[in-house]
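Biologist: Please pick one part of this chain and take me through it closely. I would like to know what surrounds it and how the chain carries on from there.

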Amino acid sequence: MTQWNKAVAATPPRSQVGKSSISNSEPLRALVRERLTEKWSPQQISRHLAREYTAEPTMRVCPETIYRALFAGYLGCRTGKLRTGRTRRKRQRRGVPTLNKIKNMKLIHQRPVEVNDRKTTGHWEVDLIIGADKERSTRYVQLIHLPDGWKAPQVRNAIATQTARIPAQLRKTLTWDQGRELTLHEDIEALTGFRIYFCDPHSPWQRGTNENTNGLLRQYFPKGTDLSVHTEQDLQRVAHQLNHRPRLVLGDKTPLEAPTTPLSLSWPFAQRTSHRDASHDGSTFRSRAA
């Protein structure tokens, strides 16, 4: 049975719980409201309840019932509780690729084959949504503060400074889009030890971990948000929450619980990061491993 089928099987049928279960049960309503406040998705909440309350059908509910209860007002204001807040699909823009002006790029097709299987740590996807790194195998997120701006020199300096605490064995590759903020990518490689690779133009699917994590980050920083008002400590709190949230792709474990190599050995910098000082405000790293 696939992971998806197991998750579906764990979700109770609507007829068992009833569409009014949340409105009729204060304990269930309080628990769902609490998890939504902690940025859990309705799907994560539903699977959590199915595992924790196997003998209590009245404490289990399907994702659709959670959505309906939220929209009906049973769970308080819905603002900020769902990831996107959109009511319809955003139209996709298709453009003609422009000539790239970044010199000496290494494209994603030149990247080591081991990056694709997500079995080894140290391979990161990066984006400038607010400056975020995501490790590909564990989905561990590190947010980088860019208080001085996001042009090439500032991005170079911020990455070099704020990734210095990542152990050398976890600084293998960075995969980025072809944004001009990475014009100084050769400097970054020399300063950090990372090897930097670039996606093809208009190919967001080549950084799947990045796209998924951007959706998670939009819960905290909706489009149009003035990011300059957020401190490094604000971003550390966001990264801490993301790294302690269960992911379906990790078997409902968190990025810190589902390593491909022992996190106690591979992520000493993560263990030292407290709830109070775990985020940044400029660029995002996402891990691929796990």
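Modeller: What follows goes through helix 6 and the loop after it, with the chain as a whole set out beforehand.

This is a predicted model, in which local features need pLDDT of at least 70, side-chain atom pairs count only at pLDDT 80 or more, and totals for chains, interfaces and linings use all residues. Residues are numbered from 1 along each chain as its sequence is written, and side-chain values use heavy atoms, without hydrogens and water.

The chain holds 12 helices and six strands, which are DSSP runs numbered from the N terminus (helices H or I, at least four residues; strands E, at least two). Of its 290 residues, 49% count as buried, that is, under 20% relative accessible area, where over 50% is exposed and in between is partly exposed (1.4 Å probe, protein chains only). The chain exposes about 15,000 Å², by the Shrake-Rupley method with a 1.4 Å probe, and carbon and sulfur atoms supply 52% of that area. Among contacts (heavy atoms within 4.5 Å) with a separation of 6 or more, 71% join residues 24 or more positions apart.

Helix 6 spans residues 63-72, and its buried residues are Pro 63, Thr 65, Ile 66, Ala 69 and Leu 70. Viewed down the helix axis, these buried residues fall within an arc of 160°, so they line one face of helix 6; the arc is taken from the directions from the axis to the C-beta atoms. The cover over the buried residues of helix 6 includes three other helices: helix 3 (21-24), helix 4 (26-37) and helix 5 (42-52). Just after helix 6 comes Gly 73, with a positive phi of about 95°.

The loop between helix 6 and strand 1 (123-127) contains Ile 108. Asn 104 lies in that loop too, between helix 6 and strand 1. Asn 104 is exposed, with a relative accessible area of 54%, whereas Ile 108 is buried, at 11%. Most residues other than glycine have a negative phi. Asn 104 is not a glycine, yet its phi is positive, at about 60°.

Leaving out residues up to four places away in sequence, Ile 108 touches Thr 175, Tyr 197, Phe 198, Cys 199 and Gln 206. Ile 108 and Gln 206 are 98 residues apart in sequence, but their C-alpha atoms are 8.2 Å apart in space.

Another pair that is distant in sequence involves Arg 180, in the loop between strand 4 (173-176) and helix 8 (185-192). Neighbours within four places in sequence aside, Arg 180 is in contact with Lys 101, Ile 102 and Ala 152. The C-alpha atoms of Arg 180 and Lys 101 are separated by 7.9 Å, although the two residues are 79 apart along the chain.

For comparison with Asn 104, take Arg 139, which also has a positive phi without being a glycine, at about 65°. Arg 139 sits in the loop between strand 2 (132-136) and strand 3 (141-145). At 12% relative accessibility, Arg 139 counts as buried, while Asn 104 is exposed.
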